[in-house]
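The following exercises are to be solved with the sequence and the 3D structure at hand. Each task is followed by a worked solution.

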Amino acid sequence: MNGPAAEHGAAEHGAAMEHEAVDLARRLVRLDTRAGGERPAADLVAGVLDAAGFRVRVDEPVAGRANLIARYGPGTPAITFTGHLDTVPAREREWSFDPMSGEIRGGRLLGRGASDMKAGVAAQVAAAVRHAREHPEATGPQLVFTFGEETGCDGAALLDPSRLVPAELLVVAEPTGNSLVLGHKGALWLRLTARGVSAHGSRPELGRNAIAALAGAALRVHGHEGWPESPTHGRATVNVGTFHSGAQPNLVPDHAEMCLDIRTVPGFGSDEAVAEIARLCGPDIAIERVLDLPGVATDPGVPGLGDALEALVPGSSARPPAYATYFTDASVLRDLLGGPAVVVYGPGDPEQAHVTDESCSVANIVECAGALHRLLRSRT
């Protein structure tokens, strides 16, 4: 079908996609998936995809927590869309509206996960469904939605590799404000422990204070300014995130523990980071790796990638590539999918991730769904 009728049909599909993207984003935000309980969100998405003819599988390897894999069409999909269904916690008393609101106010979707990253998941689903409607005989994208990304890609790590098919391109819907990001830093979480000797608080000279030992190490790490810098990913960073010790004031603590969040960059990976932390802390501080996720760096010169980037954001080939500070499920999925090029692209505002009164631009959701549909159409 060509001419005005075809154009009218495409416009109708486009309007339906825009409505469905925003509506699904609102429904997802209204589901409480703060640090768990993702199964209802997976079931909601599964219902939408199943109704559109996708083959959908939902797995629940941990009670109440679910991953989803879906595909459409006869062939092997070249593109995989992915996003996570969990959100970080939100304390209601600190918000000016209900974190599970899902309300639209002033052109923005309100609620925890609006930007990070339920709007991105909704845009991916809407684009995939529209593509299936317009090209019922074509192969659509593979969709992979996970639980527990915020706590270290827990759901992605439990995916059954035999359920996945390799991809040429992996699109991650993390919040980028609809800008293109070609990778991100790695994440290394370390647990550092100091051992002391207990004694009565009135005779501290008879003990050895573990807090004092570990606090000194924390200050040395915190004050260190010589972290390496990558020309693409920026400077490596280290944050002293937690510190726990002591039972009561009149007892010399014999154990102290802190956790570090280290963001690694090309040329300064996890092994180099552990060695530097050990040097700063000294031999009396024990170091244990809690999480070790590699960084992602997609070469913009990968054959065919330029066309994909142009489909998403026209004119992008003239801009230098950008890389994110946060980690994504791509750290795990890239190997499971056979090493595809990775593009991070989503409608959420990066500055809104994890903040109180989180929101997302509705116009960005619509724009993102349209761009993802262009990408799929360019590969049909």
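## Exercise 1: An aromatic pair across the chain

Trp189 has a relative accessible area of 23%, which makes this residue partly exposed. The model is a predicted one.

**Task.** Determine how the rings of Trp189 and Phe327 are arranged and which parts of the chain the pair links.

**Solution.**

1. A pair of aromatic rings is described by the distance of the centres and the angle of the planes.
2. For Trp189 and Phe327, the centres are 6.1 Å apart and the planes form an angle of 65°.
3. Planes over 60 degrees apart count as edge-to-face, and the pair of Trp189 and Phe327 is therefore assigned to that class.
4. Trp189 belongs to strand S9 (residues 186–195), while Phe327 lies in the loop between helix H7 (305–312) and helix H8 (330–336). The two residues are 138 residues apart, so the pair links distant parts of the chain.
5. Phe327 has 8% relative accessibility and therefore counts as buried, whereas Trp189 is partly exposed at 23%.

## Exercise 2: The two sides of a helix

**Task.** Establish whether the length of helix H5 (residues 210–223) agrees or disagrees with expectation, and where its buried residues lie around the axis.

**Solution.**

1. Helix H5 has 14 residues, and at 1.5 Å a residue these should span 20 Å. The end C-alpha atoms of H5 are 20 Å apart, so the length agrees with expectation.
2. The buried residues of H5 are Ala210, Leu214, Ala217, Ala218 and Val221.
3. These residues cover an arc of only 105° around the axis; therefore they lie on the same side of H5.
4. Ala212 and Leu219, on the other side of H5, are exposed.
5. The buried residues of H5 pack against S9, strand S12 (237–245), strand S13 (255–264), helix H6 (270–281) and strand S14 (285–293).

## Exercise 3: The N-terminal end of H5 and the loop after the helix

**Task.** Identify which residue caps the N-terminal end of H5, and state which residues His224 touches.

**Solution.**

1. The N-terminal end of H5 is capped by Asn209, which has a side-chain oxygen 2.8 Å from the backbone nitrogen of Ile211.
2. His224 is located in the loop between H5 and strand S10 (229–230).
3. From the side chain of His224 to the backbone nitrogen of Gly226, the distance is 3.5 Å.
4. Not counting residues up to four places away in sequence, His224 touches Glu276, Arg279 and Leu280.

Notes:
Residues are numbered from 1 along each chain as its sequence is written. This is a predicted model: local features need pLDDT of at least 70, side-chain atom pairs count only at pLDDT 80 or more; totals for chains, interfaces and linings use all residues. Side-chain values use heavy atoms; hydrogens and water are left out. Rings of Phe, Tyr and Trp (its six-membered ring) pair if their centres lie within 6.5 Å; planes under 30 degrees apart count as stacked, over 60 as edge-to-face and the rest as tilted. Helices (H or I, at least four residues) and strands (E, at least two) are DSSP runs, numbered from the N terminus. Buried means under 20% relative accessible area, exposed over 50%, partly exposed in between (1.4 Å probe, protein chains only). The expected span of a helix is 1.5 Å times one less than its number of residues. The arc is that of the directions from the helix axis to the C-beta atoms. Contact means heavy atoms within 4.5 Å. A polar contact is a pair of N or O atoms within 3.5 Å; within protein, one must be able to donate a hydrogen and the other to accept it, and residues adjacent in sequence count only if both atoms are side-chain atoms.
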